[in-house]
Amino acid sequence: YLVLIWLFLRNSFRFIAKPCAINLGIQDSGPHRAQPNAILEKVFTSITKSPDGKRLEGLSKQLDWDVRKIQRWFRHRRNQDKPTTLTKFCESMWRFTFYLSIFFYGIRFLWTAPWFWDTRQCWYNYPFQPLTSRLYYYYILELAFYWSLMFSQFTDIKRKDFLIMFVHHLATIGLITFSYMNNMVRVGTLVLCLHDASDFLLEAAKLANYAKYQRLCDAFFMLFGVVFIVTRLGIYPFWILNTTLFESWELIGPYPSWWLFNGLLITLQILHIIWSYLIIRTAYKALVRGKVSKDDRSDVESSSDEEDVTSNSTKGVFSTSSNGSNRINGHMVSGQWTEE
């Protein structure tokens, strides 16, 4: 039921986020629409959305259009079905609200928990550790939210990182469920809180980007990048994996599910490395060019003639055209960018 509640709240949150977006000057207008053309529309809907060179030449002769004009038509046609900036702003505002709230709830709860300061406490008296109401609600809220992300991923616009995010959601849901069923909730809370530490900063950067507060966007992204790399490549392996791989082995031995549990945790670490690479590449390009270039995961393509010429040389990791969904649903910065 909580999954349905999260999905309902996500859709209802638009009534709060939309007025905020309008006050910031964000209009509910989509990309440039392609001019009506029955022949090209039939090719687009029935054959291919991205015709190759041979088909472009054939269409050019059939319509007596320049090839570049046909390419531009297909680009506009692909883009016109994409979500508007206002829609992406509302989605990012919803995620920002959740991630920020759950992060502070987790920090407040864990600050008084002994295993937050000494990870060996995660395994003392295991598996006979009490499940408090606060710990239970923390777990169940996170689990329901990630299930809602899993379901919404199939209804949202499909991103280039769909498979990576799908694996991420599966691993996260598997870890939360598995750790709950095996009463490994103490170490589970550490994993959850650590991952929530950077997510709200990414969504804040997206919000600033959509509102065209570029300096604020850059600052949030740089802060996000630092926090992400420190937590996912530093704290996670040396704090979380250390206790699940070595301290647990020492204190309670190789319990039957030890290999599966740590396999899922290592899967997350691999994803952390991939995303960290994307973030570092974005930051490098920002330093070289003075701005962040296009998001490799972007769901809206460039449309100007100039972009036709330079698109292959300017792809980075973000652009204003990308969907405000995701986790990492993208990573970004200056000039153009985006996403979870």
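Here are legends for five close-up views of this predicted model.

**View 1. Two cysteines without a disulfide.** Welcome to the cysteine pair. The structure holds zero disulfides. Cys 20 is in no disulfide, and its nearest cysteine sulfur, on Cys 90, sits 8.6 Å away. Cys 90 is likewise in no disulfide, with the sulfur of Cys 20 as its nearest, at 8.6 Å. That spacing does not qualify, because a disulfide needs two cysteine sulfur atoms within 2.5 Å. The surroundings are worth a look too: Cys 20 is partly exposed, at 29% relative accessible area, whereas Cys 90 is buried, at 7%.

**View 2. A nonpolar patch on the surface.** Five residues make up this patch: Leu 131, Tyr 136, Tyr 137, Tyr 180 and Met 181. Together they have about 530 Å² of accessible area. Helix 8 (133-153) and helix 9 (162-181) each supply at least two residues of the patch. Leu 131 comes from the loop between helix 7 (114-117) and helix 8. With a relative accessibility of 37%, Leu 131 counts as partly exposed.

**View 3. The largest nonpolar core.** Step inside to find a core of 73 residues, in which Leu 110, Trp 115, Tyr 236 and Phe 261 touch the most other members. Helix 10 (residues 185-210) gives the largest share of this core, with 14 residues. As background, nonpolar side chains tend to be buried together in soluble globular proteins. Take Tyr 236 as a guide to the packing. Setting aside neighbours within four places in sequence, Tyr 236 is in contact with Val 191, Leu 194 and His 195, and also with Thr 231 and Leu 241. Its other contacts of this kind are Leu 265, Leu 268, Gln 269 and His 272.

**View 4. A second, separate core.** Ten residues form another nonpolar core, separate from the one in the previous view. Among them are Phe 44, Leu 56, Trp 65 and Ile 70.

**View 5. A buried serine in helix 12.** Our last stop is Ser 276, which belongs to helix 12 (residues 258-289). Is Ser 276 buried or exposed? At 2% relative accessibility, Ser 276 counts as buried, because the cut-off for buried is under 20%. Which residues is Ser 276 in contact with, leaving aside its neighbours within four places in sequence? They are Phe 228, Ile 229 and Leu 233. Ile 229 is 47 residues from Ser 276 in sequence, yet their C-alpha atoms are 6.2 Å apart in space.

Definitions and conventions:
Residues are numbered from 1 along each chain as its sequence is written. This is a predicted model: local features need pLDDT of at least 70, side-chain atom pairs count only at pLDDT 80 or more; totals for chains, interfaces and linings use all residues. Side-chain values use heavy atoms; hydrogens and water are left out. Buried means under 20% relative accessible area, exposed over 50%, partly exposed in between (1.4 Å probe, protein chains only). Patches are made of residues with over 30% relative accessible area and no salt bridge: like charges are joined within 9 Å, nonpolar side chains (Val, Leu, Ile, Met, Phe, Trp, Tyr) within 5 Å. Accessible areas come from the Shrake-Rupley method with a 1.4 Å probe; for residues, only the protein chains shown count as cover. A salt bridge is a side-chain nitrogen of Lys or Arg within 4 Å of a carboxyl oxygen of Asp or Glu. Helices (H or I, at least four residues) and strands (E, at least two) are DSSP runs, numbered from the N terminus. A nonpolar core is a set of buried Ala, Val, Leu, Ile, Met, Phe, Trp, Tyr and Cys residues joined through side-chain atoms within 4.5 Å. Contact means heavy atoms within 4.5 Å.
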